[in-house]
Every structure is written in C-alpha cells, then in structure tokens.
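Please look over the sequence and the structure below before reading on. The report that follows takes up charged pairs, a pocket, a few single residues and the confidence of the model.

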Amino acid sequence: MRLPDREQQELDEIERRLAEDDPKLAAKLTRPAPRVPRRTLVVAVMLLAYAAGLIVVMTGVTLSSVVLVVLGACVAFGVFAWFVVRVWRGHRE
C-alpha cells in the first residue's frame, strides 16, 4: 500500500531530521536485523529433538508402550551422542 505523496514527504523529512539529530540511532535503525548464528540454531534444534524424545518416553510410560519408550530413549540418546561427537570434533580441530 503506497502512502500519499504528502505523507511520504513528511516521513522523509522526519527521517532526515532524525539522521541529523542522532546519527547513531539512525544508523542502527537502517541496519538489517542481525542473523541468528548457525551454532545457536543447531543447539536449539538439538534441544527440541531431545525434549521430543523425552516426551515420547513419558508418553510410552503413560500408555505402557514398550515401543514408544524404546523409540523415545533412542531419540534422546541419539541427540545426546550427536552432541558429544560434535563437541569432541570441535576440540580435536
């Protein structure tokens, strides 16, 4: 949706005055939002997968389902093992 010319001119004037009055703030507002580091995303996914595994284990215990307990335990242990391997490789390099 496009603004009327008069409103666009007023916004441009406000932006210009802001840049003159506080250049640091103006630079901060025009800068793109910082990206989330890849490592943070990997850790978040690992924690979610681990929590999902634990939830499956609890569901299996509640329903007395050995299959769900084993499946959830495998997921939780697999995520934990993957984390240990990643940390070990990181220290080795």
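The structure, which is a predicted model, holds four salt bridges, where a salt bridge is a side-chain nitrogen of Lys or Arg within 4 Å of a carboxyl oxygen of Asp or Glu. Side chains of opposite charge can pair when their charged atoms come close. Three of these pairs are set out in the table, each with its N to O distance.

| Pair | N to O distance | Accessibility of each residue |
|---|---|---|
| Arg6 and Glu10 | 3.2 Å | Arg6 61%, Glu10 38% |
| Arg17 and Glu13 | 3.6 Å | Arg17 42%, Glu13 30% |
| Glu20 and Arg16 | 2.4 Å | Glu20 52%, Arg16 40% |

The percentages are relative accessible areas, for which buried means under 20%, exposed over 50% and partly exposed in between, computed with a 1.4 Å probe on the protein chains only. By these cut-offs Arg6 is exposed, whereas Glu10 is partly exposed. Arg17 is partly exposed, and Glu13 is likewise partly exposed. In the remaining row, Glu20 counts as exposed, while Arg16 is partly exposed.

Where do these residues sit along the chain? Because Arg6 and Glu10 are four residues apart in helix α1 (residues 5-21), they are separated by about one helical turn. Helices here are DSSP runs of H or I with at least four residues, and strands are runs of E with at least two, numbered from the N terminus. Arg17 and Glu13 also both lie in helix α1, four residues or about one turn apart, and the same helix, α1, holds Glu20 and Arg16 at a spacing of four residues, again about one turn. Taken together, Glu13, Arg16, Arg17 and Glu20 are linked in a network of salt bridges.

Two short notes on how the values were obtained belong here. Residues are numbered from 1 along each chain as its sequence is written. In this predicted model, local features need pLDDT of at least 70 and side-chain atom pairs count only at pLDDT 80 or more, while totals for chains, interfaces and linings use all residues, and side-chain values use heavy atoms, with hydrogens and water left out.

The next topic is the largest pocket, which has a volume of about 180 Å³. On a 1 Å grid over the protein atoms alone, a pocket is an open set of points where a 1.4 Å probe fits, with protein on both sides within 12 Å along at least five of seven lines, and lining residues have an atom within 4 Å of a point. The volume is the space filled by probe spheres set on the points, which are joined across faces, edges and corners. Arg39, Val42, Val43, Met46, Phe83, Arg86 and Val87 line this pocket, and the elements that give two or more residues to the lining are α3 (38-63) and α4 (66-92). Helix α3 supplies the largest share, four residues. By class, the lining has five nonpolar, no polar and two charged residues; Val, Met and Phe are among the types counted as nonpolar, and Arg is among those counted as charged.

One of the lining residues, Met46, has its place in helix α3. Is Met46 buried or exposed? At 5% relative accessibility, Met46 counts as buried. Leaving aside residues up to four places away in sequence, Met46 touches Val79, Trp82, Phe83 and Arg86, a contact being heavy atoms within 4.5 Å. By C-alpha atoms, Met46 and Val70 are 19 Å apart in space and 24 residues apart in sequence.

In the loop between α3 and α4 lies Ser64, which is exposed, with a relative accessible area of 65%. The phi of Ser64 is near 55°, a positive value in a residue other than glycine. Most residues other than glycine have a negative phi.

Helix α4 includes Leu71, which is partly exposed at 47% relative accessible area. The C-alpha atoms of Leu71 and Ile55 are separated by 11 Å, with their positions 16 residues apart along the chain.

Finally, how confident is the predictor, and where? The mean pLDDT of the protein is 89, and 99% of its residues reach 70 or more, where pLDDT is the predictor's confidence in each residue, from 0 to 100. Among the elements, helix α2 (residues 23-30) has the lowest mean pLDDT, 81, and α3 the highest, 94.
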